[in-house]
Amino acid sequence: MNEPKFLQTLAGTRFPTPPIWLMRQAGRYLPEYRAVRTATPSFLELCYTPEKAVEVTLQPIRRFGFDAAIIFSDILVVPDALGQKLWFAEGEGPKLEALAEPADFAKLARARLPEHLAPVYEAIRLTRAALPRQTALLGFAGAPFTLACYMIEGGGSRDFAKVKGWAYRHPDSFSLLIDLLVDAIVDHLALQVEAGADAIQLFDTWAGILPEEQLFGWSLEPMVRIAHGLRARHPKVPIIAFPRAIGPATLMYRRPDAFSALSIDTGLGAHWAARELQPHICLQGNLDPLMLVAGGAALEREATRILDKLGHGPFIFNLGHGVVPQTPPEHVAQLVEIVRNWKPSNT
Ligand code: CP3
């Protein structure tokens, strides 16, 4: 049988309609997710119990028949595996015991990652076995800069003053943290591929807080090193990069030597992206998650506009960021219909 449409698209094949999956397609907007989540003491326990992680990974595939599943886990399992205490405060998001000074790096150890994250790899093995053949399975990791943000801030932040203070004042020591993360992420991704992940997405959620001059060193260059490191072990695995909210600086990320596709956020114009990026690299994106909340005619108009602009080149339909909890599941079904029934015009 042919490879999944999602993987063929990443390899350059064009189909009459693009493949579709959604960031955060598993989550609180689905009643069946909330049922599993309430029956589990903590979010991390959900991530580390393979049978449960498999179940919530498969839920959106059963409901909507997306072209790709993404393994249910979190980007913060990497700092957790390195030995940094992590917990999810109910209703408050992630919390970590913040790294306060360079000496704190000594607490982090890459060696324990494979064993600590064994349940994630087991979940990938079981999910791949349970998925239909035509559905691709994505593994993922947070990019080093985004992980460093959470590790130094101790959670989310409004101004990211601590991580920026560290990176600007002590770039040499910040580099050491980035280097450690590059190596740990390559290990984590290689183990996901060995367990059965068909492709990888790298989330640089907070790249957009950096001045353009710092983007190369702290976001792009570490992601390229990860891509090259992973390819040294698994030459063929497709890699999607998501440097969020960086505007026209996305031009720097047209790096087919490293990335198979770029995931673009809602702030990037589809017309500009079609002209400046798509001739060089496959794109993924970029519907506003709040359009999916709105639904109806507004959703139809906006999804069709994106398809008309980007659907003629190598393209994977997705959101510009993750599905939000208040999304009505019927609107997701509506979106899948719109994408699958789209008729390319002759322009
Ligand atoms: O369906 C999927 O996308 C798979 C699973 C997935 C989760 N997190 C599950 C999750 C993925 C790919 C992520 C990535 C992730 N995690 C990112 C990068 C993508 C992005 O959104 O920018 C980031 C920054 C995180 C860190 C994180 N995890 C935050 C900030 C939060 C709290 C916000 C929230 O929505 O509550 C989490 C928790 C989290 N990760 C939840 C889910 C489904 C919600 C927790 C719950 O169910 O109680």
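This is a short tour of the ligand site, the pockets, a cavity and two backbone oddities in a predicted model.

**Stop 1: the ligand**

Start by selecting the ligand and the residues around it. You should pick up 21 of them, and the ones that come nearest are Arg28, Tyr33, Asp74, Thr205 and His321. Colour that shell by class and you get 12 nonpolar, 5 polar and 4 charged residues.

Now switch on side-chain sticks and look for oxygen atoms of the ligand facing polar side-chain atoms. Go to Tyr33 first: one of its polar side-chain atoms is 2.5 Å from a ligand oxygen. Move over to His321, where a polar side-chain atom lies 2.7 Å from an oxygen atom of the ligand. Then pick Arg37, whose side chain has an N or O atom 2.9 Å from a ligand oxygen.

How much of the ligand does the protein bury? On its own the ligand exposes 870 Å², and 87% of that is buried by the protein.

For the secondary structure around this site, select helix H2 (31–38) and strand E3 (93–96), the elements that give two or more residues to the ligand's shell.

**Stop 2: the largest pocket**

Hide the ligand for a moment and show the surface. The space you have just emptied belongs to the largest pocket, since that is where the ligand sits. Its volume is about 1,300 Å³.

Select the lining next: 38 residues, with Arg24, Arg28, Phe43, Asp74 and Phe88 nearest the centre of the pocket. Two or more lining residues come from each of H2, strand E2 (86–89), E3 and helix H13 (289–294). Which element gives the largest share of this lining? That would be H2, with 3 residues. By class, the lining of the largest pocket splits into 22 nonpolar, 8 polar and 8 charged residues.

**Stop 3: the second largest pocket**

Clear the selection and pick Thr9, Leu10, Gly12, Arg231, Pro256, Phe259, Ser260, Pro279, His280, Ile281, Cys282 and Pro314, which line the second largest pocket. There is about 150 Å³ of space in there. Its lining has 7 nonpolar, 4 polar and 1 charged residues.

**Stop 4: the cavity**

Keep Thr9 selected, as this residue also appears in the lining of the largest cavity. Add Thr13, Arg14, Phe15, Thr17, Pro18, Pro19, Gly311, Gly313 and Phe315 to complete that lining. How many cavities of 30 Å³ or more are there? The count is 1, and the largest cavity holds about 60 Å³ of space. Its lining divides into 4 nonpolar, 5 polar and 1 charged residues.

**Stop 5: two backbone oddities**

Show the backbone for this last stop. Most peptide bonds are trans, and most residues other than glycine have a negative phi. Both spots below go the other way.

Zoom in on Gly285 and Asn286: the peptide bond joining them is cis, with omega about -25 degrees. Asn286 is part of strand E8 (residues 282–287).

Finally, go back to Arg24, one of the residues nearest the centre of the largest pocket. Its phi is near 60 degrees, a positive value in a residue other than glycine. You'll find Arg24 in the loop between helix H1 (5–10) and H2. From there, bring the ligand back on and you have returned to the largest pocket, where the tour's ligand sits.

Key:
Residues are numbered from 1 along each chain as its sequence is written. This is a predicted model: local features need pLDDT of at least 70, side-chain atom pairs count only at pLDDT 80 or more; totals for chains, interfaces and linings use all residues. Side-chain values use heavy atoms; hydrogens and water are left out. A residue is near a molecule or strand if one of its heavy atoms lies within 4 Å of it. A polar contact is a pair of N or O atoms within 3.5 Å; within protein, one must be able to donate a hydrogen and the other to accept it, and residues adjacent in sequence count only if both atoms are side-chain atoms. Accessible areas come from the Shrake-Rupley method with a 1.4 Å probe; for residues, only the protein chains shown count as cover. On a 1 Å grid over the protein atoms alone, a cavity is a set of points where a 1.4 Å probe fits but cannot get out, and a pocket is an open set with protein on both sides within 12 Å along at least five of seven lines; lining residues have an atom within 4 Å of a point. A molecule sits in a cavity or pocket if more than half of its atoms lie within 2 Å of its grid points. Helices (H or I, at least four residues) and strands (E, at least two) are DSSP runs, numbered from the N terminus. Ala, Val, Leu, Ile, Met, Phe, Trp, Tyr, Cys and Pro count as nonpolar, Asp, Glu, Lys and Arg as charged, and the others, Gly among them, as polar. Grid points are joined across faces, edges and corners, and a volume is the space filled by probe spheres set on the points.
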